[in-house]
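Trainee: I should like to learn how to read the features of a model such as this one. May we begin once the structure is in view?

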Protein chains: 2
Amino acid sequence: MEEIDRRIVTLLARDGRMSFTDLARETGLSVSAVHQRVRRLEKRGVLRGYAAIIDHDAIGLPLTAFVSIKPIDPAAPDDAPERLAHLAAIEACHSVAGEESYILKVRVASPVALEDLLQQIRAAANVSTRTTVVLSTPYEHRAPDVAPEPASAQDGSV
Amino acid sequence: MEEIDRRIVTLLARDGRMSFTDLARETGLSVSAVHQRVRRLEKRGVLRGYAAIIDHDAIGLPLTAFVSIKPIDPAAPDDAPERLAHLAAIEACHSVAGEESYILKVRVASPVALEDLLQQIRAAANVSTRTTVVLSTPYEHRAPDVAPEPASAQDGSV
DNA sequence: CGTGAAATCACTTAACT
DNA sequence: AGTTAAGTGATTTCACG
């Protein structure tokens, strides 16, 4: 991926609703050239989608936590992500190296809701849990520095 | 926050570039009524912004990790977030309950880049670090279920 | 891959319930 | 807060270099 695509990705990471007109101005290309590149980046999966950044306090989910999980039966097939996918409180699921097998990021309304969620997680995936409660979030969702890296496409499209 | 605002927030959390026209269709309101509500939600800070969701593999940052940090000198003032803010590899910084004081989410190009980043973190914030490397991410950035919660605004605006 | 132009559609404001 | 209407500006497609 070269210079202009990187610039487009950076700009959209910082403002997902930036217009093609503004992207064109910032990149020095014509509007339709930018349009073409954005569609290509979307199709290649470099731009995976767009999301509003929400204030979770304002929508009644003020409690964030990281939940590390470990299988009760280490011999059982590890399908925890699928078993947990129906729980809307789980925002993210990362498979990790170390003591535990996954780290979940969860958002709930209250301590009681967290307690309830943990029970659901343990029951659904047959795991033990270790929970780290977030007290405050100095920053989050910072856009990456898109550097001039290899970035070979996995899907063969170009 | 009532029904329609919650619906708007939900829709924009799932597709941050959804047009006002589509939002109007989905909510049963006129385009300008939706427009008005979105602007109000932005000003109240419920909608904090918009971002493209990026494939970090494609932009040369394929290594994600969680870095927990603990002050070397527990008596020193705790300004780790500001001291670390200049490091672009840090996507998020959460203050947490438990053994450590913060959990950072970081994105880097390689194991060596991670090693280098950890040294920078330790030096900049005078902390020890404990790192959990992400092996894969079954899911991330899932939009919340915006439920009918209190959601009292903190800024007094209505 | 790029451009410019044309048609369509979305955004934004205003005047008015 | 909502509506419709009207003007402006953005998106999208197309023909072409």
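Mentor: Let us start with a single bridge: A:Ile53 has B:Gly49 as its bridge partner in β1(B). Please keep in mind throughout that this is a predicted model.

Trainee: Which residue stands opposite A:Ile54 in β1(B)?

Mentor: B:Leu47 of β1(B) stands opposite A:Ile54. Such pairs belong to a larger pattern, in which strand β1 (residues 47-54) of chain A is joined to strand β1 (residues 47-54) of chain B by 7 bridges, the two strands running antiparallel.

Trainee: How should one think about the side chains of a strand, and how many residues of β1(A) are buried?

Mentor: As a general idea, side chains in a regular strand alternate between the two faces of the sheet. Here, 7 of the 8 residues of β1(A) are buried, and the strand is mostly covered. In β1(B), 7 of the 8 residues are buried, so the rest of the structure largely encloses this strand.

Trainee: Which strands make up the closed barrel?

Mentor: The barrel has 8 strands, in the order β2(A)-β4(A)-β3(A)-β5(B)-β2(B)-β4(B)-β3(B)-β5(A), with antiparallel pairing. On average, neighbouring strands of this sheet are turned by 35° against each other, direction ignored.

Trainee: How many bridges link strand β3 (residues 90-96) of chain B to strand β4 (residues 102-108) of chain B?

Mentor: These two strands of chain B pair over 5 bridges in the antiparallel sense. As one instance, B:Ala92 has its bridge partner B:Lys105 in β4(B). Helix α5 (residues 111-125) of chain B packs on the sheet and touches β2, β3, β4 and β5 of chain B, its direction making about 140° with that of β5(B).

Trainee: Where does helix α5 of chain A lie?

Mentor: Helix α5 (residues 111-125) of chain A lies across β2, β3, β4 and β5 of chain A and runs at about 140° to β5(A). A useful residue to follow is A:Ile121, which lies in this helix.

Trainee: Is A:Ile121 buried or exposed?

Mentor: Residues under 20% relative accessible area count as buried. A:Ile121, with a relative accessible area of 0%, is therefore buried. Leaving aside neighbours within four places in sequence, its contacts include A:Val67, A:Ile69, A:Leu104 and A:Val127. The C-alpha atoms of A:Ile121 and A:Ala89 are separated by 10 Å, although the two residues are 32 residues apart along the chain.

Trainee: A:Asn126 is also in contact with A:Ile121. Where is A:Asn126 found?

Mentor: A:Asn126 is found in the loop between α5 and β5 of chain A. Its phi is near 50°, a positive value in a residue other than glycine. Because its relative accessibility is 41%, A:Asn126 counts as partly exposed.

Trainee: What is the phi of B:His141?

Mentor: The phi of B:His141 is near 60°, again a positive value in a residue other than glycine. B:His141 is found in the segment after β5 of chain B and, at 31% relative accessibility, counts as partly exposed.

Trainee: How should one read a helix that packs against others?

Mentor: The general idea is that an α-helix has 3.6 residues a turn, so residues three or four places apart point the same way. Helix α1 (residues 3-14) of chain B has 12 residues and reaches 17 Å from its first C-alpha to its last, close to the 16 Å expected at 1.5 Å a residue. This helix is mostly covered, with 9 of its 12 residues buried; among them are B:Ile4, B:Ile8, B:Leu11 and B:Leu12. The buried residues of α1(B) pack against β1 of chain A, together with α2, α3 and β1 of chain B.

Trainee: At what angle do the axes of α1(B) and α3(B) cross?

Mentor: The two axes cross at roughly 80° and come within 11 Å. That makes α1(B) roughly perpendicular to α3(B). In this contact, B:Ile4, B:Asp5, B:Ile8, B:Val9 and B:Leu12 of α1(B) meet residues of α3(B) including B:Val34, B:Arg37 and B:Leu41. By class, the contact has 7 nonpolar, no polar and 4 charged residues.

Trainee: Which residues of α1(A) and α3(A) meet?

Mentor: The axes of helix α1 (residues 3-14) and helix α3 (residues 31-44) of chain A come within 11 Å and cross at roughly 80°. α1(A) is thus roughly perpendicular to α3(A). A:Ile4, A:Asp5, A:Ile8, A:Val9 and A:Leu12 in α1(A) meet A:Arg37, A:Val38, A:Arg40, A:Leu41 and A:Arg44 in α3(A). The residues of this contact comprise 6 nonpolar, no polar and 4 charged.

Note on methods: Residues are numbered from 1 along each chain as its sequence is written. Chains are lettered from A and ligands numbered from 1 in the order in which they are written. This is a predicted model: local features need pLDDT of at least 70, side-chain atom pairs count only at pLDDT 80 or more; totals for chains, interfaces and linings use all residues. Side-chain values use heavy atoms; hydrogens and water are left out. Axes are lines fitted to C-alpha atoms, for helices over the stretch in contact, and angles run from 0 to 180 degrees between N-to-C directions. Helices (H or I, at least four residues) and strands (E, at least two) are DSSP runs, numbered from the N terminus. Angles under 35 degrees count as roughly parallel, over 145 as roughly antiparallel, 65 to 115 as roughly perpendicular and the rest as oblique. Contact means heavy atoms within 4.5 Å. Ala, Val, Leu, Ile, Met, Phe, Trp, Tyr, Cys and Pro count as nonpolar, Asp, Glu, Lys and Arg as charged, and the others, Gly among them, as polar. Buried means under 20% relative accessible area, exposed over 50%, partly exposed in between (1.4 Å probe, protein chains only). Two strands pair if DSSP finds at least two bridges between them. The expected span of a helix is 1.5 Å times one less than its number of residues.
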